[in-house]
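Biologist: Got a minute to walk me through this one? I'd like to poke at a few spots.

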Amino acid sequence: MSKKALLSQVLGTFYNFFFRRKIIIFDAPAAFHINHLLPVIYKLTADNQFKIIVVSPISNAGLATNIKFYASVPLYVYKPLFITTEFSRKPFWLTCRSIYFGHGIGPKLNYQEGQSLLDFDYVYSPCLPIYNVQKKIINENKLIKIGLPIVENAPKNKEEFLKFFNLSATKMVIVYAPSWCNDSEKISDIEQILTYLGKQKGVSIIISAHPLLLKPEKCDGKIFFENRPNNLQMNPANSPYTTLDLISLSEGLISDISSVLFEGMALNKIVFFDGNKEIYDYCEAQEVYNELIDFCPIPDWNDSNNTFLVSVLCEDKNKVDRHNFINSYLFNVGSASTKLIQHIKEIIYK
């Protein structure tokens with residue numbers, strides 16, 4: 001046993017003697033990951049049965065005034081339950097049971113089948129395609145069908161949203177949310193899409209791009225949004241709105257293989273697919289692509305029809321098919337946080 005592990009055990013033993021509440025650590029190293037955990041953290045904090053420790057960038061502290069954020073796991077913690085949104089995050093000195101929380105539902109399936117899953121006592125799986133990949137790696141009794149708690153967050157105020165972006169209340173809003181790929185050749189033709197979107201009438205469009213698309217060094221030097229049409233707004237870096245916030249306050253969205261395309265369906269939004277088949281092939285998600293194209297409108301990016309988007313929004317012909325798809329794709333729609341908390345309590349008290 002290392003000196004740090006021994007010190008943790010000693011401090012933790014004293015702490016557990018005086019404070020009887022079980023400790024749960026939620027670890028979200030990327031700032032935006034915390035939004036996936038907040039519905040669960042809020043409910044557990046209100047329950048008051050547990051001491052909740054949230055390890056995440058301190059910049060998240062303003063999200064919830066009743067939650068204390070830590071830069072790292074405190075030494076007095078001993079034998080907690082450790083839940084993380086990334087691999088290789090459990091401190092070497094920490095004695096505990098651990099859970100990997102699969103926080104996205106995009107079908108980048110080749111990312112989901114790493115041997116790192118074996119490092120955890122349990123893996124929380126969000127949706128059926130990812131579950132089917134993960135069960136090839138770990139035993140199904142350690143693989144728990146959870147879903148996606150983030151889609152249960154209450155939407156923010158619509159009037160404040162419209163004011164922040166200076167949008168007309170009479171126009172429907174569409175979010176364009178392209179994703180990044182480590183092979184830049186597989187990234188969608190963003191320039192062509194932006195040209196098309198700039199000509200569309202009757203809708204307001206907000207761009208909320210994957211953060212790495214804004215870094216040319218991560219995209220083989222490509223700069224995607226500098227010359228966008230003037231009528232297309234970017235979600236600014238200091239925005240109070242996440243991409244999912246924007247989607248929840250809008251009528252529709254356009255994306256590719258991003259998790260938000262599927263999260264939008266879970267929020268009953270009209271979704272447009274940008275038609276990028278290559279990225280589905282690259283991510284070994286051809287089956288999902290074949291289902292998607294049956295009910296998800298794909299704009300013809302070379303077409304001069306400048307009312308296509310608004311016409312689809314006004315006449316949603318794919319609502320039933322979209323609803324059936326997402327309910328077969330995503331686990332526990334509307335009750336994921338309840339399912340997650342139920343399993344946490346089963347682990348702690350068994």
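Biologist: Where is Gly106 placed?

Modeller: Gly106 sits in the loop between strand S5 (97–101) and strand S6 (122–125). Keep in mind that this is a predicted model.

Biologist: And is Gly106 buried or exposed?

Modeller: Buried, at 11% relative accessibility.

Biologist: Which residues does Gly106 touch, leaving out those up to four places away in sequence?

Modeller: Gly106 touches Ile130, Ile257, Ser258, Ser259, Phe262 and Tyr329.

Biologist: How far apart are Gly106 and His323 in space?

Modeller: They're 17 Å apart, C-alpha to C-alpha, with their positions 217 residues apart in sequence.

Biologist: OK, switching to the sheet. What's the strand order in the open sheet of 5 strands?

Modeller: The order is S10-S9-S8-S11-S12, and the pairing is parallel. Strand S10 (233–234) and strand S12 (270–273) are the edge strands, each pairing on one side only.

Biologist: How many bridges pair strand S8 with strand S9?

Modeller: There are 5 bridges, in the parallel sense, between S8 (residues 172–176) and S9 (residues 203–207). To pick out a residue pair, Val175 has Ile206 in S9 as its bridge partner.

Biologist: Which strands does helix H5 touch?

Modeller: Helix H5 (residues 190–198) packs on the sheet and touches S8, S9 and strand S11 (252–255). The direction of H5 makes about 170° with that of S8.

Biologist: And where does helix H7 lie?

Modeller: H7 (residues 259–266) lies across S11 and S12, at about 155° to S11.

Biologist: On to charges. How many salt bridges does the structure hold?

Modeller: It holds 7 salt bridges. One of them joins the side chains of Asp245 and Lys156, at 3.3 Å from N to O.

Biologist: What does the pair of Asp245 and Lys156 tie together?

Modeller: Asp245 is in helix H6 (residues 243–248), while Lys156 is in the loop between strand S7 (143–145) and helix H4 (158–164), so the salt bridge ties together parts that are 89 residues apart in sequence. As for exposure, Asp245 is buried at 15% relative accessible area, whereas Lys156 is partly exposed at 37%.

Biologist: What does Glu251 form with Lys158?

Modeller: A salt bridge, with the closest N and O atoms 3.4 Å apart. Glu251 lies in the loop between H6 and S11 and Lys158 lies in helix H4, so this pair ties together parts that are 93 residues apart in sequence. Glu251 counts as partly exposed at 25% relative accessibility, and Lys158 counts as partly exposed at 32%.

Biologist: What about Lys277 and Asp281, where do they lie?

Modeller: Both lie in helix H8 (residues 277–282), 4 residues apart, which is about one turn of the helix. Their salt bridge has its closest N and O atoms 2.9 Å apart.

Biologist: Why would that spacing point them the same way?

Modeller: An α-helix has 3.6 residues a turn, so residues three or four places apart point the same way. In this pair, Lys277 is partly exposed at 37% relative accessibility, and Asp281 is partly exposed at 30%.

Biologist: Backbone next. What's phi for Asn48?

Modeller: Positive, about 65°, although Asn48 is not a glycine. Most residues other than glycine have a negative phi. Asn48 lies in the loop between helix H2 (34–47) and strand S2 (50–55), and it is exposed, with a relative accessible area of 51%.

Biologist: And what's phi for Glu284?

Modeller: Near 60°, again a positive value in a residue other than glycine. Glu284 is in the loop between H8 and helix H9 (286–292), and counts as partly exposed at 46% relative accessibility.

Biologist: Last topic, helix H12. What should its 14 residues span?

Modeller: At 1.5 Å a residue, H12 (residues 336–349) should span 20 Å, and its end C-alpha atoms are 20 Å apart, which agrees.

Biologist: Which residues in H12 are buried?

Modeller: Ala336, Ser337, Leu340, Ile341, His343, Ile344, Ile347 and Ile348. Looking down the axis of H12, the buried residues fall within an arc of 165°, so they line one face of the helix.

Conventions: Residues are numbered from 1 along each chain as its sequence is written. This is a predicted model: local features need pLDDT of at least 70, side-chain atom pairs count only at pLDDT 80 or more; totals for chains, interfaces and linings use all residues. Side-chain values use heavy atoms; hydrogens and water are left out. Helices (H or I, at least four residues) and strands (E, at least two) are DSSP runs, numbered from the N terminus. The expected span of a helix is 1.5 Å times one less than its number of residues. Buried means under 20% relative accessible area, exposed over 50%, partly exposed in between (1.4 Å probe, protein chains only). The arc is that of the directions from the helix axis to the C-beta atoms. Two strands pair if DSSP finds at least two bridges between them. Contact means heavy atoms within 4.5 Å. Axes are lines fitted to C-alpha atoms, for helices over the stretch in contact, and angles run from 0 to 180 degrees between N-to-C directions. A salt bridge is a side-chain nitrogen of Lys or Arg within 4 Å of a carboxyl oxygen of Asp or Glu.
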